[in-house]
Amino acid sequence: MSSYFTDLAQQYIDGEWRPGTGSWDIIDFNPYDDEKLASVTIATVDEVDAAYRAAERAQKQWAATNPYARRAVFEKVLRLVEDREAEISEAIIAELGGTRLKAAFELHLAKEFLREAVHLSLRPEGRIIPSPVDGKENRVYRVPVGVVGVISPFNFPFLLSLKSVAPALALGNGVVLKPHQDTPIVGGTLIAKLFEDAGLPGGLLNVVVTDVAEIGDAFLEHPVPKVISFTGSDEVGRHVATVCAANFKRSVLELGGNSALVVLDDADVDYAVDAAVFSRFVHQGQVCMAANRVLVDRSVADEFTEKFVAKVKTLKAGDPRDPATVIGPVINSSQADAIAGVVEQAVAEGATVLVRGTTTDNLVEPSVLTDVPADSALLQQEVFGPVAFLVPFDGEEEAVRLVNDTPYGLSGAVHTGDIERGVNFAKRIDTGMFHVNDGTVHDEPIVPFGGEKHSGIGRLNGDTMLDAFTTQKWISVQHGRSGFPF
(Lines give C-alpha, C1' and ligand atoms only; values in the text may rest on other atoms or scores of the structure.)
Protein backbone atom coordinates (compact mmCIF):
# COMPACT_ATOMS: atom_id res chain seq x y z
CA MET A 1 0.00 0.00 0.00
CA SER A 2 2.86 2.44 0.78
CA SER A 3 4.19 2.18 -2.79
CA TYR A 4 0.65 2.83 -4.04
CA PHE A 5 0.66 6.14 -2.15
CA THR A 6 4.22 7.01 -3.16
CA ASP A 7 3.40 6.60 -6.85
CA LEU A 8 0.59 9.14 -6.55
CA ALA A 9 2.42 11.62 -4.32
CA GLN A 10 2.88 14.26 -7.01
CA GLN A 11 1.09 17.15 -8.64
CA TYR A 12 -0.95 16.43 -11.75
CA ILE A 13 -0.85 19.44 -14.09
CA ASP A 14 -1.53 19.64 -17.82
CA GLY A 15 -1.59 15.88 -18.19
CA GLU A 16 1.79 15.42 -16.52
CA TRP A 17 2.86 14.02 -13.16
CA ARG A 18 5.43 16.31 -11.61
CA PRO A 19 6.77 17.29 -8.19
CA GLY A 20 5.74 20.57 -6.66
CA THR A 21 8.33 23.31 -6.44
CA GLY A 22 7.44 24.52 -2.95
CA SER A 23 10.02 24.64 -0.18
CA TRP A 24 8.29 22.11 2.09
CA ASP A 25 6.38 18.84 1.99
CA ILE A 26 2.94 17.75 3.08
CA ILE A 27 3.36 14.48 4.95
CA ASP A 28 0.50 12.03 4.54
CA PHE A 29 0.03 9.91 7.68
CA ASN A 30 -2.20 6.96 8.53
CA PRO A 31 -4.27 8.41 11.40
CA TYR A 32 -4.56 5.05 13.17
CA ASP A 33 -0.93 3.96 13.47
CA ASP A 34 0.87 7.14 12.36
CA GLU A 35 2.59 5.32 9.48
CA LYS A 36 4.01 7.72 6.91
CA LEU A 37 2.16 6.96 3.69
CA ALA A 38 3.65 9.58 1.40
CA SER A 39 5.40 12.91 1.16
CA VAL A 40 4.19 15.51 -1.36
CA THR A 41 6.22 18.61 -2.17
CA ILE A 42 3.58 21.31 -2.24
CA ALA A 43 2.41 23.29 -5.21
CA THR A 44 3.22 27.00 -5.36
CA VAL A 45 1.23 29.91 -6.77
CA ASP A 46 3.01 29.30 -10.10
CA GLU A 47 1.72 25.71 -10.21
CA VAL A 48 -1.80 26.82 -9.36
CA ASP A 49 -1.55 29.24 -12.28
CA ALA A 50 -0.20 26.51 -14.58
CA ALA A 51 -3.06 24.20 -13.59
CA TYR A 52 -5.74 26.80 -14.27
CA ARG A 53 -4.14 27.85 -17.58
CA ALA A 54 -3.97 24.21 -18.69
CA ALA A 55 -7.63 23.70 -17.86
CA GLU A 56 -8.53 26.87 -19.73
CA ARG A 57 -6.64 25.74 -22.85
CA ALA A 58 -8.08 22.23 -22.86
CA GLN A 59 -11.66 23.22 -22.06
CA LYS A 60 -12.58 24.80 -25.38
CA GLN A 61 -11.95 21.61 -27.35
CA TRP A 62 -13.64 19.50 -24.67
CA ALA A 63 -16.77 21.68 -24.73
CA ALA A 64 -16.92 21.26 -28.52
CA THR A 65 -16.61 17.47 -28.21
CA ASN A 66 -19.77 15.49 -28.90
CA PRO A 67 -21.41 14.83 -25.51
CA TYR A 68 -21.80 11.16 -26.43
CA ALA A 69 -18.01 10.99 -26.78
CA ARG A 70 -17.56 12.79 -23.43
CA ARG A 71 -19.92 10.26 -21.87
CA ALA A 72 -17.62 7.38 -22.77
CA VAL A 73 -14.90 8.71 -20.43
CA PHE A 74 -17.20 8.48 -17.41
CA GLU A 75 -18.32 4.98 -18.37
CA LYS A 76 -14.63 3.99 -18.36
CA VAL A 77 -13.95 5.69 -15.00
CA LEU A 78 -16.86 3.78 -13.50
CA ARG A 79 -15.47 0.49 -14.78
CA LEU A 80 -12.03 1.35 -13.41
CA VAL A 81 -13.46 2.12 -9.96
CA GLU A 82 -15.27 -1.23 -10.03
CA ASP A 83 -12.10 -3.04 -11.12
CA ARG A 84 -9.95 -1.31 -8.49
CA GLU A 85 -12.49 -1.27 -5.68
CA ALA A 86 -10.38 -3.40 -3.33
CA GLU A 87 -7.30 -1.18 -3.57
CA ILE A 88 -9.33 2.04 -3.33
CA SER A 89 -11.02 0.65 -0.23
CA GLU A 90 -7.62 -0.08 1.35
CA ALA A 91 -6.52 3.47 0.51
CA ILE A 92 -9.60 4.94 2.25
CA ILE A 93 -8.89 2.82 5.33
CA ALA A 94 -5.20 3.80 5.39
CA GLU A 95 -5.37 7.51 4.60
CA LEU A 96 -8.44 8.66 6.53
CA GLY A 97 -8.98 5.92 9.08
CA GLY A 98 -12.26 4.83 7.56
CA THR A 99 -13.60 1.48 8.67
CA ARG A 100 -14.29 -1.24 6.10
CA LEU A 101 -17.98 -0.45 6.42
CA LYS A 102 -17.32 3.22 5.77
CA ALA A 103 -15.09 2.50 2.77
CA ALA A 104 -17.81 0.32 1.24
CA PHE A 105 -20.41 3.05 1.90
CA GLU A 106 -18.25 5.74 0.27
CA LEU A 107 -17.43 3.59 -2.75
CA HIS A 108 -21.07 2.62 -3.26
CA LEU A 109 -22.09 6.28 -3.36
CA ALA A 110 -19.14 7.23 -5.59
CA LYS A 111 -20.21 4.64 -8.16
CA GLU A 112 -23.79 5.90 -8.05
CA PHE A 113 -22.62 9.45 -8.69
CA LEU A 114 -20.42 8.33 -11.57
CA ARG A 115 -23.43 6.58 -13.11
CA GLU A 116 -25.30 9.87 -12.92
CA ALA A 117 -22.33 11.74 -14.46
CA VAL A 118 -22.53 9.38 -17.45
CA HIS A 119 -26.02 10.72 -18.17
CA LEU A 120 -25.26 14.31 -17.23
CA SER A 121 -23.26 14.90 -20.41
CA LEU A 122 -26.53 14.72 -22.37
CA ARG A 123 -28.64 16.78 -19.94
CA PRO A 124 -28.10 20.40 -21.09
CA GLU A 125 -30.99 21.54 -23.26
CA GLY A 126 -31.64 24.84 -25.00
CA ARG A 127 -34.94 26.70 -25.27
CA ILE A 128 -36.77 28.88 -27.77
CA ILE A 129 -38.54 31.74 -25.99
CA PRO A 130 -41.23 33.94 -27.59
CA SER A 131 -40.42 37.58 -28.33
CA PRO A 132 -42.72 40.62 -28.36
CA VAL A 133 -40.73 41.83 -31.40
CA ASP A 134 -42.00 40.63 -34.76
CA GLY A 135 -39.61 38.37 -36.63
CA LYS A 136 -37.35 37.77 -33.62
CA GLU A 137 -36.36 34.34 -32.34
CA ASN A 138 -34.90 34.04 -28.84
CA ARG A 139 -32.60 31.10 -28.29
CA VAL A 140 -31.32 30.27 -24.80
CA TYR A 141 -28.31 27.97 -24.71
CA ARG A 142 -26.90 26.03 -21.75
CA VAL A 143 -23.12 26.37 -21.94
CA PRO A 144 -20.25 25.33 -19.65
CA VAL A 145 -18.98 28.02 -17.28
CA GLY A 146 -15.43 27.28 -18.47
CA VAL A 147 -13.21 26.21 -15.57
CA VAL A 148 -14.30 25.08 -12.11
CA GLY A 149 -12.12 25.09 -9.00
CA VAL A 150 -12.96 22.30 -6.53
CA ILE A 151 -11.86 22.21 -2.87
CA SER A 152 -12.71 18.94 -1.13
CA PRO A 153 -12.70 17.87 2.56
CA PHE A 154 -11.04 15.02 4.45
CA ASN A 155 -14.06 13.06 5.66
CA PHE A 156 -15.42 11.57 2.40
CA PRO A 157 -12.64 12.75 0.07
CA PHE A 158 -13.12 10.26 -2.77
CA LEU A 159 -16.87 10.78 -2.98
CA LEU A 160 -16.93 14.53 -2.36
CA SER A 161 -14.17 15.26 -4.86
CA LEU A 162 -15.86 13.16 -7.53
CA LYS A 163 -19.22 14.71 -6.71
CA SER A 164 -18.10 18.06 -8.17
CA VAL A 165 -15.28 16.97 -10.48
CA ALA A 166 -17.27 14.44 -12.52
CA PRO A 167 -20.35 16.63 -13.18
CA ALA A 168 -18.23 19.68 -13.99
CA LEU A 169 -16.26 17.67 -16.55
CA ALA A 170 -19.37 15.94 -17.90
CA LEU A 171 -20.94 19.33 -18.60
CA GLY A 172 -17.94 20.45 -20.68
CA ASN A 173 -15.79 22.30 -18.15
CA GLY A 174 -12.14 22.06 -17.19
CA VAL A 175 -11.36 21.43 -13.51
CA VAL A 176 -8.63 22.17 -10.99
CA LEU A 177 -8.97 20.13 -7.79
CA LYS A 178 -7.36 21.00 -4.48
CA PRO A 179 -7.81 18.10 -2.04
CA HIS A 180 -7.55 18.48 1.73
CA GLN A 181 -3.99 18.30 3.04
CA ASP A 182 -4.84 15.25 5.17
CA THR A 183 -6.21 13.28 2.19
CA PRO A 184 -4.16 14.33 -0.85
CA ILE A 185 -4.22 10.90 -2.50
CA VAL A 186 -7.75 9.55 -2.01
CA GLY A 187 -9.25 13.01 -2.46
CA GLY A 188 -6.97 14.14 -5.25
CA THR A 189 -4.31 12.33 -7.22
CA LEU A 190 -6.09 8.96 -7.14
CA ILE A 191 -8.98 10.62 -8.97
CA ALA A 192 -6.58 12.15 -11.50
CA LYS A 193 -5.10 8.71 -12.13
CA LEU A 194 -8.53 7.18 -12.76
CA PHE A 195 -9.48 9.87 -15.29
CA GLU A 196 -6.06 9.69 -16.96
CA ASP A 197 -6.41 5.92 -17.35
CA ALA A 198 -9.94 6.40 -18.69
CA GLY A 199 -8.63 8.57 -21.52
CA LEU A 200 -9.63 12.05 -20.39
CA PRO A 201 -7.61 14.49 -22.54
CA GLY A 202 -4.62 16.00 -20.72
CA GLY A 203 -5.09 19.40 -19.11
CA LEU A 204 -8.81 19.06 -18.43
CA LEU A 205 -8.40 17.78 -14.88
CA ASN A 206 -5.54 19.08 -12.76
CA VAL A 207 -4.76 18.32 -9.12
CA VAL A 208 -2.72 20.67 -6.95
CA VAL A 209 -1.69 19.47 -3.50
CA THR A 210 -0.95 22.60 -1.53
CA ASP A 211 -1.74 24.67 1.53
CA VAL A 212 -3.12 28.13 2.21
CA ALA A 213 0.13 28.87 4.07
CA GLU A 214 1.89 28.60 0.71
CA ILE A 215 -0.61 30.01 -1.81
CA GLY A 216 -2.89 32.27 0.25
CA ASP A 217 -6.07 32.97 -1.72
CA ALA A 218 -4.49 32.34 -5.13
CA PHE A 219 -6.71 29.31 -5.78
CA LEU A 220 -9.82 31.45 -5.24
CA GLU A 221 -8.67 34.74 -6.76
CA HIS A 222 -7.20 33.37 -9.99
CA PRO A 223 -8.95 34.95 -12.99
CA VAL A 224 -9.60 31.68 -14.86
CA PRO A 225 -12.15 29.77 -12.71
CA LYS A 226 -15.71 31.05 -12.91
CA VAL A 227 -17.09 28.76 -10.18
CA ILE A 228 -15.55 27.52 -6.94
CA SER A 229 -17.14 24.41 -5.43
CA PHE A 230 -16.15 24.14 -1.77
CA THR A 231 -17.03 21.51 0.81
CA GLY A 232 -15.87 22.14 4.35
CA SER A 233 -16.50 24.21 7.46
CA ASP A 234 -18.77 27.24 7.57
CA GLU A 235 -15.89 29.35 8.87
CA VAL A 236 -13.76 28.68 5.79
CA GLY A 237 -16.87 28.73 3.59
CA ARG A 238 -17.62 32.29 4.64
CA HIS A 239 -14.13 33.31 3.52
CA VAL A 240 -14.48 31.43 0.22
CA ALA A 241 -17.80 33.16 -0.47
CA THR A 242 -16.37 36.57 0.36
CA VAL A 243 -13.35 36.19 -1.91
CA CYS A 244 -15.46 34.76 -4.73
CA ALA A 245 -17.95 37.61 -4.51
CA ALA A 246 -15.17 40.18 -4.58
CA ASN A 247 -13.84 38.55 -7.76
CA PHE A 248 -17.25 38.10 -9.45
CA LYS A 249 -17.20 34.31 -9.17
CA ARG A 250 -20.01 31.96 -8.33
CA SER A 251 -19.51 29.81 -5.24
CA VAL A 252 -21.23 26.53 -4.45
CA LEU A 253 -20.84 25.91 -0.72
CA GLU A 254 -21.57 22.63 1.05
CA LEU A 255 -20.80 23.44 4.68
CA GLY A 256 -21.21 22.12 8.21
CA GLY A 257 -24.28 21.10 10.11
CA ASN A 258 -25.76 20.64 13.54
CA SER A 259 -28.45 18.19 12.61
CA ALA A 260 -31.01 16.84 15.05
CA LEU A 261 -32.68 13.46 15.10
CA VAL A 262 -36.07 13.84 16.78
CA VAL A 263 -37.97 11.04 18.51
CA LEU A 264 -41.66 11.91 18.95
CA ASP A 265 -43.92 10.28 21.54
CA ASP A 266 -45.38 7.76 19.04
CA ALA A 267 -42.06 6.60 17.56
CA ASP A 268 -40.83 3.03 17.26
CA VAL A 269 -38.19 3.42 19.95
CA ASP A 270 -36.02 0.44 19.00
CA TYR A 271 -35.88 1.56 15.37
CA ALA A 272 -35.21 5.17 16.41
CA VAL A 273 -32.28 3.99 18.55
CA ASP A 274 -30.73 2.18 15.58
CA ALA A 275 -31.17 5.23 13.34
CA ALA A 276 -29.76 7.60 15.95
CA VAL A 277 -26.68 5.51 16.74
CA PHE A 278 -25.82 5.24 13.04
CA SER A 279 -26.55 8.92 12.41
CA ARG A 280 -24.26 10.05 15.22
CA PHE A 281 -21.39 7.58 15.00
CA VAL A 282 -20.93 6.70 11.32
CA HIS A 283 -17.29 7.47 10.39
CA GLN A 284 -16.61 8.53 13.98
CA GLY A 285 -19.17 11.34 13.65
CA GLN A 286 -17.01 13.10 11.05
CA VAL A 287 -19.99 13.70 8.77
CA CYS A 288 -21.61 17.07 8.08
CA MET A 289 -25.08 15.48 8.28
CA ALA A 290 -24.39 13.58 11.51
CA ALA A 291 -26.97 13.82 14.29
CA ASN A 292 -25.15 16.13 16.71
CA ARG A 293 -28.27 16.33 18.84
CA VAL A 294 -30.73 13.55 19.63
CA LEU A 295 -34.00 15.10 20.80
CA VAL A 296 -36.40 12.75 22.59
CA ASP A 297 -39.94 13.34 23.83
CA ARG A 298 -39.89 13.09 27.61
CA SER A 299 -42.60 10.42 27.58
CA VAL A 300 -40.22 7.95 25.92
CA ALA A 301 -36.91 9.46 27.06
CA ASP A 302 -36.10 6.89 29.74
CA GLU A 303 -36.71 3.91 27.45
CA PHE A 304 -34.83 5.51 24.57
CA THR A 305 -31.87 6.57 26.69
CA GLU A 306 -31.44 3.14 28.23
CA LYS A 307 -31.47 1.41 24.85
CA PHE A 308 -29.33 4.07 23.14
CA VAL A 309 -26.63 3.86 25.82
CA ALA A 310 -26.65 0.06 25.69
CA LYS A 311 -26.18 0.05 21.92
CA VAL A 312 -23.41 2.67 22.00
CA LYS A 313 -21.52 0.53 24.51
CA THR A 314 -21.43 -2.31 21.96
CA LEU A 315 -19.65 -0.22 19.30
CA LYS A 316 -16.15 -1.60 18.82
CA ALA A 317 -13.43 1.04 18.58
CA GLY A 318 -10.01 0.20 17.20
CA ASP A 319 -8.10 -0.75 14.06
CA PRO A 320 -10.17 0.26 11.00
CA ARG A 321 -8.70 -2.69 9.09
CA ASP A 322 -10.60 -5.05 11.41
CA PRO A 323 -14.03 -5.75 9.84
CA ALA A 324 -15.57 -5.75 13.33
CA THR A 325 -14.47 -2.17 14.02
CA VAL A 326 -17.24 0.45 13.96
CA ILE A 327 -15.28 3.39 15.41
CA GLY A 328 -11.91 4.08 13.83
CA PRO A 329 -9.57 7.03 14.43
CA VAL A 330 -10.43 10.65 13.78
CA ILE A 331 -8.36 12.34 11.10
CA ASN A 332 -5.62 13.95 13.24
CA SER A 333 -4.50 14.87 16.74
CA SER A 334 -5.98 18.37 16.67
CA GLN A 335 -9.43 16.86 15.95
CA ALA A 336 -8.95 14.33 18.75
CA ASP A 337 -7.99 17.10 21.18
CA ALA A 338 -10.96 19.22 20.13
CA ILE A 339 -13.41 16.37 20.70
CA ALA A 340 -11.96 15.62 24.12
CA GLY A 341 -12.33 19.34 24.87
CA VAL A 342 -16.02 19.23 23.98
CA VAL A 343 -16.67 16.47 26.52
CA GLU A 344 -14.66 18.31 29.19
CA GLN A 345 -16.55 21.54 28.54
CA ALA A 346 -19.92 19.77 28.75
CA VAL A 347 -18.97 18.17 32.08
CA ALA A 348 -17.73 21.51 33.41
CA GLU A 349 -21.08 23.06 32.45
CA GLY A 350 -22.95 20.42 34.45
CA ALA A 351 -23.81 17.78 31.87
CA THR A 352 -24.46 14.22 32.99
CA VAL A 353 -22.13 11.64 31.47
CA LEU A 354 -23.88 8.43 30.40
CA VAL A 355 -20.94 7.05 28.43
CA ARG A 356 -17.45 8.49 28.55
CA GLY A 357 -15.02 7.09 26.05
CA THR A 358 -11.28 7.36 26.39
CA THR A 359 -8.94 8.98 23.89
CA THR A 360 -5.77 7.18 22.83
CA ASP A 361 -3.79 9.08 20.20
CA ASN A 362 -6.36 9.65 17.41
CA LEU A 363 -8.72 6.92 18.58
CA VAL A 364 -11.65 8.59 20.32
CA GLU A 365 -14.23 6.27 21.84
CA PRO A 366 -17.91 7.30 21.88
CA SER A 367 -19.32 9.53 24.59
CA VAL A 368 -22.98 10.16 25.42
CA LEU A 369 -24.09 13.13 27.53
CA THR A 370 -27.37 14.54 28.70
CA ASP A 371 -28.46 17.52 30.83
CA VAL A 372 -26.31 19.84 28.74
CA PRO A 373 -27.50 23.35 29.73
CA ALA A 374 -30.01 24.77 27.24
CA ASP A 375 -27.86 27.87 26.74
CA SER A 376 -24.64 25.92 26.14
CA ALA A 377 -22.71 26.87 23.02
CA LEU A 378 -22.12 23.15 22.50
CA LEU A 379 -25.72 22.72 21.38
CA GLN A 380 -25.24 25.43 18.74
CA GLN A 381 -22.04 24.21 17.11
CA GLU A 382 -20.97 21.32 14.90
CA VAL A 383 -19.17 18.58 16.82
CA PHE A 384 -17.11 16.60 14.32
CA GLY A 385 -16.58 13.48 16.37
CA PRO A 386 -18.21 10.62 18.33
CA VAL A 387 -20.04 12.66 20.98
CA ALA A 388 -23.83 12.48 21.32
CA PHE A 389 -26.02 14.95 23.20
CA LEU A 390 -29.40 13.59 24.36
CA VAL A 391 -31.93 16.39 24.83
CA PRO A 392 -35.41 15.69 26.24
CA PHE A 393 -38.36 17.88 25.19
CA ASP A 394 -42.01 18.32 26.10
CA GLY A 395 -44.22 18.12 23.03
CA GLU A 396 -43.88 18.86 19.36
CA GLU A 397 -43.79 22.66 19.58
CA GLU A 398 -40.75 22.60 21.83
CA ALA A 399 -39.09 20.06 19.54
CA VAL A 400 -39.50 22.34 16.51
CA ARG A 401 -38.06 25.27 18.44
CA LEU A 402 -35.05 23.27 19.63
CA VAL A 403 -34.27 21.82 16.21
CA ASN A 404 -34.30 25.27 14.64
CA ASP A 405 -32.27 26.85 17.47
CA THR A 406 -28.94 26.64 15.64
CA PRO A 407 -27.13 28.69 12.98
CA TYR A 408 -27.03 25.60 10.77
CA GLY A 409 -29.66 24.04 8.51
CA LEU A 410 -28.33 21.02 6.68
CA SER A 411 -30.11 17.77 7.51
CA GLY A 412 -32.20 16.13 10.19
CA ALA A 413 -34.70 13.37 10.89
CA VAL A 414 -37.91 12.75 12.81
CA HIS A 415 -39.31 9.45 14.04
CA THR A 416 -43.06 9.01 14.45
CA GLY A 417 -45.77 6.41 13.99
CA ASP A 418 -47.68 8.84 11.75
CA ILE A 419 -45.91 9.58 8.46
CA GLU A 420 -47.92 12.72 7.67
CA ARG A 421 -47.23 14.04 11.16
CA GLY A 422 -43.55 13.54 10.35
CA VAL A 423 -43.84 15.33 7.00
CA ASN A 424 -45.65 18.28 8.61
CA PHE A 425 -42.93 18.41 11.28
CA ALA A 426 -40.23 18.37 8.58
CA LYS A 427 -41.86 21.28 6.74
CA ARG A 428 -41.41 23.45 9.84
CA ILE A 429 -37.65 22.88 10.07
CA ASP A 430 -35.23 25.36 8.46
CA THR A 431 -33.03 22.86 6.66
CA GLY A 432 -32.23 21.93 3.09
CA MET A 433 -32.95 18.25 3.80
CA PHE A 434 -35.03 16.36 6.35
CA HIS A 435 -35.94 12.68 6.66
CA VAL A 436 -38.98 10.96 8.14
CA ASN A 437 -38.40 7.65 9.96
CA ASP A 438 -34.79 7.34 8.86
CA GLY A 439 -31.30 8.54 9.71
CA THR A 440 -29.89 12.01 9.13
CA VAL A 441 -27.06 10.87 6.80
CA HIS A 442 -28.24 10.49 3.21
CA ASP A 443 -27.06 11.43 -0.26
CA GLU A 444 -28.57 10.38 -3.58
CA PRO A 445 -27.40 11.22 -7.12
CA ILE A 446 -30.50 13.00 -8.45
CA VAL A 447 -31.95 14.63 -5.32
CA PRO A 448 -30.98 18.27 -4.58
CA PHE A 449 -28.36 18.22 -1.81
CA GLY A 450 -27.49 21.28 0.24
CA GLY A 451 -28.27 23.39 3.25
CA GLU A 452 -29.82 26.59 4.53
CA LYS A 453 -28.43 29.24 6.90
CA HIS A 454 -24.74 28.63 7.70
CA SER A 455 -24.86 25.19 6.07
CA GLY A 456 -24.23 26.50 2.59
CA ILE A 457 -25.32 28.14 -0.63
CA GLY A 458 -26.58 26.29 -3.69
CA ARG A 459 -27.34 22.66 -4.37
CA LEU A 460 -25.57 19.70 -5.98
CA ASN A 461 -26.84 16.46 -7.60
CA GLY A 462 -29.12 15.81 -10.55
CA ASP A 463 -30.44 18.78 -12.46
CA THR A 464 -29.01 21.20 -9.88
CA MET A 465 -25.58 20.39 -11.34
CA LEU A 466 -26.69 22.39 -14.39
CA ASP A 467 -27.25 25.43 -12.19
CA ALA A 468 -23.89 24.88 -10.49
CA PHE A 469 -21.63 24.24 -13.48
CA THR A 470 -23.28 25.77 -16.55
CA THR A 471 -24.57 29.21 -17.44
CA GLN A 472 -27.31 30.40 -19.78
CA LYS A 473 -26.64 32.42 -22.91
CA TRP A 474 -29.31 34.32 -24.84
CA ILE A 475 -28.81 34.58 -28.60
CA SER A 476 -31.53 36.36 -30.56
CA VAL A 477 -32.07 36.09 -34.29
CA GLN A 478 -34.00 38.74 -36.22
CA HIS A 479 -35.52 37.02 -39.25
CA GLY A 480 -37.11 40.23 -40.52
CA ARG A 481 -35.96 43.78 -39.98
CA SER A 482 -36.11 45.70 -36.72
CA GLY A 483 -37.26 49.28 -36.63
CA PHE A 484 -34.96 51.73 -34.86
CA PRO A 485 -36.06 55.09 -33.45
CA PHE A 486 -33.08 56.99 -34.94
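Trainee: Two strands pair if DSSP finds at least two bridges between them. With that in mind, how many bridges join E13 to E18?

Mentor: Five bridges link E13 and E18, and the two strands run parallel. Keep in mind that this is a predicted model.

Trainee: Got it. Which residue of E18 is the bridge partner of Leu 295?

Mentor: Val 391 in E18 is the bridge partner of Leu 295.

Trainee: And what is the order of the strands in that sheet?

Mentor: The sheet is open and has seven strands, in the order E14-E17-E18-E13-E12-E20-E21, with mixed pairing. Its edge strands are E14 (residues 352-355) and E21 (residues 435-436), each of which pairs on one side only.

Trainee: Let's switch to pockets. What is the volume of the second largest pocket?

Mentor: About 290 Å³. Its lining has 15 residues, and those nearest the centre are Val 372, Ala 374, Leu 379, Val 391 and Leu 402. You have met two of the contributors already: E13 (291-297) and E18 (387-393) each give two or more residues to this lining, as does helix H14 (396-404).

Trainee: How does that lining divide into nonpolar, polar and charged?

Mentor: Eight of the residues lining the second largest pocket are nonpolar, two are polar and five are charged.

Trainee: And what volume does the largest pocket have?

Mentor: The largest pocket comes to about 850 Å³. It is lined by 38 residues, with His 180, Phe 230, Gly 232, Ser 233 and Val 236 closest to its centre. By type, 19 are nonpolar, twelve polar and seven charged.

Trainee: Which element gives the most to that lining?

Mentor: That would be helix H10, with five residues. Others that supply at least two residues to the largest pocket include H8 (212-215), H9, E10 and H13 (333-348).

Trainee: Tell me about H10, then. How many residues does it have, and how far does it reach?

Mentor: H10 covers residues 234-246, which is 13 residues, and spans 18 Å from first to last C-alpha, close to the expected 18 Å.

Trainee: Which of its residues are buried?

Mentor: In H10, the buried residues are Asp 234, Gly 237, Val 240, Ala 241, Val 243 and Cys 244.

Trainee: What covers them?

Mentor: The cover over the buried residues of H10 includes helix H9 (218-221) along with strands E10 (227-231), E11 (250-254) and E19 (408-409).

Trainee: Last one: which residue just after H10 has a positive phi?

Mentor: Phe 248, with a phi of about 55°.

Key
Residues numbered from 1 in each chain as written. Predicted model: local features only at pLDDT ≥ 70, side-chain atom pairs only at ≥ 80, totals over all residues. Heavy atoms only, no water. Helix = DSSP H or I, 4+ residues; strand = E, 2+ residues; numbered from the N terminus. Expected span 1.5 Å × (residues − 1). Buried < 20%, exposed > 50% of the residue type's maximum accessible area, 1.4 Å probe, protein only. Contact = heavy atoms within 4.5 Å. 1 Å grid on protein atoms, 1.4 Å probe; cavity = no way out; pocket = protein on both sides within 12 Å on 5 of 7 lines; lining within 4 Å. Points joined across faces, edges and corners; volume = space filled by probe spheres on them. Nonpolar A, V, L, I, M, F, W, Y, C, P; charged D, E, K, R; others polar.
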